[in-house]
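Here is a quick tour of a protein model, written for someone who likes to follow along in the viewer. Have the display ready.

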Amino acid sequence: MTQPDSKKIFFENLSGAGKAIAVLTSGGDAQGMNAAVRAVVRMGLYVGAKVYFIHEGYQGMVDGGDNIREATWESVSSMLQVGGTVIGSARCKDFRSHEGRLKAAHNLVKRGITNLCVIGGDGSLTGANLFREEWSGLLSELVQQGLIEADAVQKYSALHIVGMVGSIDNDFCGTDMTIGTDSALHRIIEVVDAIMTTAQSHQRTFVLEVMGRHCGYLALVSALACGADWVLIPEMPPEDGWEEKMCQKLSANRAGMKRLNIIIVAEGAIDRNNKPITTDYIKNLVVKNLGFDTRVTILGHVQRGGTPSAFDRILASRMGVEAVLALLETTANTPACVVSLCGNQSVRVPLMECVQTTQEVQKAMDQKRFEEAVKLRGRSFENNLRTYKLLAHRKPESELPVSNFNVAVLNVGAPAAGMNAAVRSAVRVGISEGHKMFAVSDGFEGFYKGQIKEIKWGDVGGWTGQGGSLLGTKRTLPAKHVDKIAEQMRKYNINALLVIGGFEALECLLQLCDARSTFEEFCIPMCMLPATISNNVPGTELSIGADTALNAIVETCDRIKQSASGTKRRVFIIETMGGYCGYLATVGGLAAGADAAYIYEEPFDIKDLQANVEHLTEKMKTSIQRGLVLRNENSNVNYTTDFIYQLYTEEGRGVFDCRKNVLGHMQQGGAPSPFDRNFGTKISAKAMKWLSQKLVESYRKDEGRVFANTEDTCCLLGMHARALVFQPVVQLKDHTDFVHRIPKEQWWLKLRPLMKILAKYKTSYDVSDSGQVEHVIHSRPKDSDASVAM
């Protein structure tokens, strides 16, 4: 297969020969920790280092013996999809004492370990940094006690630490997402979706308690993802008198024909006097004041359990590889760092800066400086809170601004999970901005047929968790019907347009831009939100719906692999959707632990196929029992799924047998994942704010109309690296392969070498983005919402 651009920097010069790396998980467990352990072990072995497991966290380091074992490639097979941590985790009092750390140092030196990868929370990482600072002193003590030779002090003079944050609470400052958070949100949303059906049947109010003793992230984001009526979090306690306001809100929702109420409470929720707010207190309050049938559900450790989501597997795999690179590049003077996520990029930040900022949040909360606590949590948290308030609490008509602008929203192209969340957000933000919102059914086909109606606040209630497109969507392009569409725009006096869709939506906006010279009705602000499972839209690294499709692929691959458990050796050939875009095959392959993924963007021939079969045959003979090969549906016109299946069947005869599966439209269906619900909700809110601004800027008072015909008034809103960027669609033409309907450059191609390395292939891995340690306060662009997705 083709190699990455040779001009880029690769890690061939970063050798791990002679180095020993140990990996441990500490503190509370989190889904995705096993994926991180797997990546550390396989990357460490790949670069020639010895890698050790430390079982049972710091306790195992102190106790030594069989708790510290050398890892092999095979020892991390079949753990990618397992929740929790297979190497164990434990709270350790012994490590807090000097004597305990002395024992731990002795156990590491005996094995020549001077590189430590710690996966845990702020307590675990703080302990690791203290251990690092004391290291030389501990070695001197061991020499004095005669436990190690004097030359060992020089030989093992420095302990290098790299951290990865594993915590479902997402309570660590310095990273947008911690390992396990997305999976915990999956568990919460699964429960909430199930509860909503029974609550609706009986017209009940449900009070749900989710984890988060000191951080309200899970409560806040799950409330945003399910459209909860009320949320209570420790960082921003409700104002005095909140009880009456909450009851009024619940009562108003019921009066508006809503049959249920959902209240989400973080376990650490407090009032303005730092007094705990319990679920029982809320239940009794609702029953007493409103007489509603009310139930309490405490989710508890369900949130920690289950298989990791696709997002957590990919995040943990990327972080694990980055952690090994950081250890290879570190020197005696390099501060301990944490591998974190900023937007869509892996970055390294100083460990103690993150810990201190995290501790400052709690201090601010204790001192009742709640606004400051929210800011210290970061832009992502602030944005979540602001968006929730905007969408959950409707202002009275008298307080709404009067804009006299009409904004139309429509879906275009194939349906994608999360589209409905985006429409709900657009409608409610638009109404809050004072606009009159119009919904167009069936895309531009419905537009020219006049299928347009005003849509109100209550009309989009409950849309967040619905899959598909409730507005209806078609692939029809507007070029042939611009005159009729212009006529409908005149009829309804449409002043701005929000188009939510995939590649067809981009083509539609380009055609409307071209039509501006003929029809002034199209000289209005227009914005596109990328929504497609294929993730093939230029100008954005992520699209609404792609995460849900990835989870469908990964869950199916897990089940398919499990079906071969206990049988003879078997290889599964899986066909994914995506058109000519190999995103689903590549990233799905990384998340599912695939041995190969065939895509259009990386041409392959019969020699590559033969090499893959031989590689898999060799692995089957020595260790693994099951193989997984993904193929993008349009990867090659001749090397079809059937061809690859028959080739593997023939060449693997006597070693393994084959099965094939075409996943088809199951990748498009299902309820949207928490990621897609929040991504759709928040970028839609940002798009509506932008449209409001452009409407004001382009309004001509003397003519009493909106007129906008410049490039920057017809944009796509997409994520690029660390920022959300509005890009004129006309400028995206040069970055687009219109024949194959894909961008000319795609960020995820950098993940392909990572997938191959973790599958035991020799390849080159681009590290040109690695190596720079950034300070916490500078790790995000000043004006970006880099972490808008979650």
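## Cores first

In the largest nonpolar core, which has 192 residues, the members that touch the most other members are Met164, Phe444, Leu497 and Leu498. A nonpolar core here is a set of buried Ala, Val, Leu, Ile, Met, Phe, Trp, Tyr and Cys residues joined through side-chain atoms within 4.5 Å. Buried means under 20% relative accessible area, exposed means over 50%, and partly exposed is in between, using a 1.4 Å probe and protein chains only. The element that gives the most to this core is α10, with 13 residues. Helices (H or I, at least four residues) and strands (E, at least two) are DSSP runs, numbered from the N terminus.

A second, separate core has 41 residues, among them Ala22, Cys92, Phe95 and Ala152.

Before going on, some housekeeping: this is a predicted model, so local features need pLDDT of at least 70 and side-chain atom pairs count only at pLDDT 80 or more, while totals for chains, interfaces and linings use all residues. Residues are numbered from 1 along each chain as its sequence is written, and side-chain values use heavy atoms, with hydrogens and water left out.

Back to Leu498: what does Leu498 touch, not counting residues up to four places away in sequence? The list includes Ala408, Val409, Leu410 and Ala426, and also Cys527, Leu529, Ser684, Ala687, Met688 and Leu691. Contact means heavy atoms within 4.5 Å.

## Rings, and charges over them

The model has 17 aromatic pairs, counting rings of Phe, Tyr and Trp (its six-membered ring) whose centres lie within 6.5 Å; planes under 30 degrees apart count as stacked, over 60 as edge-to-face and the rest as tilted. Phe519 and Phe522 make an edge-to-face pair, with ring centres 6.1 Å apart and planes at 80°. Phe522 is buried, at a relative accessible area of 0%. Tyr639 and Phe643 form a tilted pair, 5.3 Å centre to centre with 45° between the planes. Of these two, Tyr639 counts as buried at 18% relative accessibility, and Phe643 as partly exposed at 29%. There is also an aromatic cluster made of Tyr58, Phe95, Phe131 and Trp135; Phe95 is the residue listed above in the second core.

Some rings have a charge sitting over them, meaning NZ of Lys or CZ of Arg is within 6 Å of the ring centre and within 35 degrees of the ring normal. Arg254 puts its charged end over the ring of Phe292, 4.3 Å from the centre. Lys762 does this with Tyr46, lying over its face at 4.6 Å from the ring centre.

## Salt bridges

Side chains of opposite charge can pair when their charged atoms come close. How many salt bridges does the structure hold? The count is 33, where a salt bridge is a side-chain nitrogen of Lys or Arg within 4 Å of a carboxyl oxygen of Asp or Glu. Here are some of them:

| Arg | Acid | N to O distance |
|---|---|---|
| Arg204 | Asp293 | 2.9 Å |
| Arg369 | Glu372 | 2.4 Å |
| Arg705 | Glu703 | 2.6 Å |

Arg204 and Asp293 pair up in a salt bridge. Arg204 sits in the loop between α6 (181-202) and β6 (205-210), and Asp293 in the loop between α9 (279-290) and β9, so the pair ties together parts that are 89 residues apart in sequence. Arg204 is buried at 16%, whereas Asp293 is partly exposed at 30%.

Arg369 is partly exposed at 28%, and Glu372 is partly exposed at 38%. Elsewhere, Arg475, Glu504, Glu507 and Arg741 are linked in a network of salt bridges.

## Helix α11 and a glycine in a loop

Helix α11 (residues 351-366) has 16 residues and should span 22 Å at 1.5 Å a residue, and its end C-alpha atoms agree at 23 Å apart. That expected span is 1.5 Å times one less than the number of residues. Its buried residues include Leu351, Cys354, Val355 and Val361. Among the elements covering the buried residues of α11 are α4 (122-144), β5 (160-165) and α12 (370-377). Lys368 follows α11 and has a positive phi, near 65°.

Finally, Gly306 lies in the loop between β9 (294-298) and α10 (310-329). Gly306 counts as partly exposed, at 45% relative accessibility. Leaving out residues up to four places away in sequence, Gly306 touches Gln31, Gly83 and Arg187. Gly306 and Ser183 are 123 residues apart in sequence, with 8.0 Å between their C-alpha atoms.
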